[in-house]
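Good morning, and thank you for coming. Today I would like to take you through one structure, with its helix contacts and its empty spaces. Please keep the display in view as I speak.

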Amino acid sequence: MAASGVSAPTRTEVLHLYRSLLRVARQFCDYNIREYTKRRTVDAIRDNKNLTDPSQLAAAFSDGKAQLEVAKRQALVYSLYAPKVVNIFGVTNASHSSLGAIWISVVELVSGFMRFYG
Amino acid sequence: MASLLLRQSLTKTKPTAIIRRFSTAAALASPTEYEEPTGITMKGVKIPGRPLYLDMQATTPVDPRVLDSMLPFYLSRYGNPHSRTHLYGWESETAVETARAQVAALIGASPKEIVFTSGATESNNISVKGVMHFYKEKKRHVITTQTEHKCVLDSCRHLQQEGFEVTYLPVGSDGLVDLDRLRKEIRPDTGLVSIMAVNNEIGVVQPVEEIGKICKEFNVPFHTDAAQALGKIKVDVEKWNVSLMSLSGHKIYGPKGIGALYMRRRPRIRVEPQMNGGGQERGIRSGTVPTPLVVGMGTACELAMKEMEYDEKRIKGLQERLLNGIREKIDGVVVNGSMDRRYVGNLNLSFAYVEGESLLMGLKEVAVSSGSACTSASLEPSYVLRALGVDEDMAHTSIRFGIGRFTTEEEIDKAVELTVKQVEKLREMSPLYEMVKEGIDIKQIQWAQH
């Protein structure tokens, strides 16, 4: 592990991680995994919003980055073996709700960070 | 690099387009016969897409993080963990030991007490038959309940044929075992008490701590089948005072074909092995340990430890949503098993005045089960519901909804809508229901013989 991992991540870095995770979530072809990834990302970022200790923040951030790598690989694997017929809810539900979710959560997150960073 | 590949593959056409003429991979990639672009036709039923999965007690989908940890061991790190002479063996062995520690951490045990098996069924067999065969000189009695899993009941029946005595404790109408009755049944020659922690059909959580205390008092080994409990409720082998515990991989978002057996070291419990061979897994279970599956189970246990609280809170909300949604629209809905001592992800409902088979046939867009997967082949109503004292007709109409980590609110709402629609349709057609609405008590009717 690099020594630079000890310093806390900046606001832009966290936002970048958050947007990447949501972007990867959208690429899962399986409905349940897609919804879970979106929901879990939003909840995890929200829970970690109020952390103040820099080493805890750094640990949470590097954990998030590792999860992002896992998610990217798995989105690829799932797409290689995608079943021809999708879940009953289909694909259309996902694209609409995810855009809305991203917008609302980004706004929420930015306002949270404004409060934290002063 | 991964993102480039991802973008390329996702913008391509269907994967079947890249099959070349002389490729040997053709057999794997050809589309299955029952899937068409407009839907699925199987066994005479046509549905527009894959059903919603609400059968988490039968099995759970593999979590992508678990799959990610398993794949390297299928691709490049394929060594046998028992090979001592080269890197492939050493790295496999390290992975197996890491997974062992992860499983042990989830149940509060030491890694030396975990033995990997092929599943909870095998672990149950080793516990019940292995313990009794080892202590067969002095101990001839086994105590279990009527609502155990089939593998435990079948092992007990096998022991009975060999000459042991087995007591099947009855359960109350809420599914819980009577502790005073248990205390009375324990004899000086009782070799094992086997009571499952969370029932797979009705979701009831037995009072394992109290049972453990009773067993400690009488110094009887306590075995519990924790396949449904692992990762869902807090499992602590010290607090529960268990000597043996069966664990299953595919109920906690791990792969199928792997399980574990916890065997206490202080005081040591000894078993006679059911699989003889090269002495792997401390001689208890010989055979090559399947590294990818073991690594998958370890990752699943680690994830379960991290996510248990989050999952439980969410699943509780979903269960209430499901139950309230159904109860709002229709009456005559009975929950089988105690509502307080229950695992939140399991909801077993009986609908009055509705026939079970026809209800299930109409619910093809939701994957649920009636009774448990192991008994659904026969036409008998489930033995667990019969042990609860549920009437035959109510036992036939029971449906088990299983809610898990990946279930969404949309799926619950859709399941509620479909169930209510189907139940109302069936009740509309039912003459029995008409009589009930008029106020006639069905049980008092004298059916005329023709």
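I shall begin with two helix contacts in chain B and then turn to a cavity and a pocket.

Please bear in mind throughout that this is a predicted model.

Let us start with helix α11 of chain B, which covers residues 291-329. How does it pack against helix α15 of chain B, residues 409-429? The two helices pack at an angle of about 25°, and their axes lie 9 Å apart. Angles under 35 degrees count as roughly parallel, and α11(B) and α15(B) are therefore roughly parallel to each other. Their crossing is right-handed. On the side of α11(B), the contact is made by Arg314(B), Leu318(B), Arg321(B), Leu322(B), Gly325(B), Ile326(B) and Lys329(B). From α15(B), the residues in contact include Glu409(B), Ile412(B), Asp413(B) and Val416(B). By class, the residues of this contact are six nonpolar, two polar and six charged.

The helix α11(B) also has a second partner, helix α5 of chain B, residues 87-107. Here the angle is about 35°, with the axes 8 Å apart. Is this crossing left-handed or right-handed? α5(B) passes α11(B) in a left-handed crossing. Among the residues that α5(B) brings to the contact are Ala95(B), Val96(B), Ala99(B) and Val103(B). They meet a set in α11(B) that includes Val294(B), Val295(B), Ala304(B), Met305(B) and Met308(B). The residues of this contact divide into 13 nonpolar, five polar and one charged.

We now come to empty space. Rolling a probe the size of a water molecule over the atoms shows where such space is left. How many cavities of 30 Å³ or more does the structure hold? There are three, and the largest contains about 120 Å³ of space. It is lined by 14 residues, and those closest to its centre are Gly231(B), Lys232(B), Asp311(B), Ile315(B) and Tyr343(B). The lining comprises eight nonpolar, one polar and five charged residues.

Finally, consider the second largest pocket, with about 1,100 Å³ of space. Of its 42 lining residues, the closest to the centre are Arg40(A), Ala44(A), Ile45(A), Asn48(A) and Asp63(A). Both chains supply elements that give two or more residues to this lining: α1, α2, α3 and α4 of chain A, together with α3 and α11 of chain B. The largest share, 11 residues, comes from α3(A). In total, the lining divides into 23 nonpolar, seven polar and 12 charged residues.

Conventions. Residues are numbered from 1 along each chain as its sequence is written. Chains are lettered from A and ligands numbered from 1 in the order in which they are written. This is a predicted model: local features need pLDDT of at least 70, side-chain atom pairs count only at pLDDT 80 or more; totals for chains, interfaces and linings use all residues. Side-chain values use heavy atoms; hydrogens and water are left out. Axes are lines fitted to C-alpha atoms, for helices over the stretch in contact, and angles run from 0 to 180 degrees between N-to-C directions. Helices (H or I, at least four residues) and strands (E, at least two) are DSSP runs, numbered from the N terminus. Angles under 35 degrees count as roughly parallel, over 145 as roughly antiparallel, 65 to 115 as roughly perpendicular and the rest as oblique. A crossing is left-handed if the near helix is turned anticlockwise from the far one by less than a right angle, and right-handed if clockwise. Contact means heavy atoms within 4.5 Å. Ala, Val, Leu, Ile, Met, Phe, Trp, Tyr, Cys and Pro count as nonpolar, Asp, Glu, Lys and Arg as charged, and the others, Gly among them, as polar. On a 1 Å grid over the protein atoms alone, a cavity is a set of points where a 1.4 Å probe fits but cannot get out, and a pocket is an open set with protein on both sides within 12 Å along at least five of seven lines; lining residues have an atom within 4 Å of a point. Grid points are joined across faces, edges and corners, and a volume is the space filled by probe spheres set on the points.
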